[in-house]
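Hi,

Here's the structure I promised to pass on. Have a look at it first, and then read my notes below.

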Amino acid sequence: MGLFRRTPKTPTPPPAPRVETAPPTTAMPIIRGDLEAELAAELDGGAPVRGAAFSGRGLRLQHPPEAEFAAAHAQTFADAVRNIDGITLDYSVESLRTVDGVLGNFEEPGSDAVAETVLAAGFYVGEVMVRQHGYRWVKTPEYVPLRAPFDLLVVGPKGDYSNPLSKAFKRVENGPEDSVAYFVVAMVAAADRD
């Protein structure tokens with residue numbers, strides 16, 4: 001059972017955009033979730049309250065959001081999940097179901113309120129692709145039409161590009177239909193067919 005539980009509350013306005021220059025913090029709120037219950041609630045018409053989408057505000061990160069720090073960001077997320085929920089993420093595709101649950105519980109505050117954690121989760125998703133399927137982190141090339149707040153993608157062994165950072169934000173903003181677990185399975189299967 002996680003330290004934090006999802007409780008209904010009145011939506012609050014997102015914080016004003018700002019640029020942070022303060023030293024980074026290691027505290028990251030993580031919430032354990034239940035993907036099946038969330039899917040059932042949405043199918044029954046009990047759609048969750050969704051908070052504000054990421055505004056592009058300045059983020060307080062331990063490292064810049066760059067390829068050379070991707071593994072460190074992913075480990076920050078894995079450590080937070082272990083420290084708060086007692087779950088060890090092992091960079092397997094199966095561990096992405098837990099990531100879906102965590103991200104699902106961020107729908108109410110919205111991705112803007114917890115953007116640092118959502119970004120770290122996106123790095124974890126990308127690291128699963130890197131470690132399990134031979135992808136690598138790259139800066140978004142000029143000719144790739146994928147544009148997002150973060151100029152970083154993973155590219156597979158056959159040259160297929162994927163955006164796990166944006167996918168993590170979409171999971172929070174759109175709900176279970178943007179499952180990160182399904183995303184990785186689908187991306188790898190599509191690359192294998194080519």
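What covers the buried residues of α6? The cover includes α3, α4 (115-133), β3 and α5 (164-174). Keep in mind that this is a predicted model.

Let's stay with α6 for a bit. The helix runs over residues 180-193, and its 14 residues should span 20 Å at 1.5 Å a residue; the end C-alpha atoms are 20 Å apart, so the two agree. Its buried residues are Val180, Ala181, Phe183, Val184, Val188 and Ala191. Looking down the axis of α6, you'll find them within an arc of 165°, so they line one face of the helix. That pattern fits a general rule: an α-helix has 3.6 residues a turn, so residues three or four places apart point the same way. Turned away from the buried side of α6 is a face that carries the exposed residues Tyr182 and Arg193. At the N-terminal end, Ser179 acts as a cap, with a side-chain oxygen 3.2 Å from the backbone nitrogen of Ala181.

Now for the strands. There's an open sheet of three, in the order β1-β2-β3, with antiparallel pairing. β1 (136-139) and β3 (161-162) are the edge strands, so to speak: each pairs on one side only. β2 (residues 152-155) pairs with β3 over two bridges, and Val155 has Tyr161 in β3 as its bridge partner.

Last one: is Ser92, in the loop between α2 (70-85) and α3 (96-104), buried or exposed? Ser92 counts as buried because its relative accessibility is 13%, and the cut-off is under 20%. Its side chain makes a polar contact of 2.6 Å with that of Asp90. Beyond its neighbours within four places in sequence, Ser92 is in contact with Tyr124, Val128 and Gln132.

Cheers

Technical notes:
Residues are numbered from 1 along each chain as its sequence is written. This is a predicted model: local features need pLDDT of at least 70, side-chain atom pairs count only at pLDDT 80 or more; totals for chains, interfaces and linings use all residues. Side-chain values use heavy atoms; hydrogens and water are left out. Two strands pair if DSSP finds at least two bridges between them. Helices (H or I, at least four residues) and strands (E, at least two) are DSSP runs, numbered from the N terminus. Buried means under 20% relative accessible area, exposed over 50%, partly exposed in between (1.4 Å probe, protein chains only). A polar contact is a pair of N or O atoms within 3.5 Å; within protein, one must be able to donate a hydrogen and the other to accept it, and residues adjacent in sequence count only if both atoms are side-chain atoms. Contact means heavy atoms within 4.5 Å. The expected span of a helix is 1.5 Å times one less than its number of residues. The arc is that of the directions from the helix axis to the C-beta atoms.
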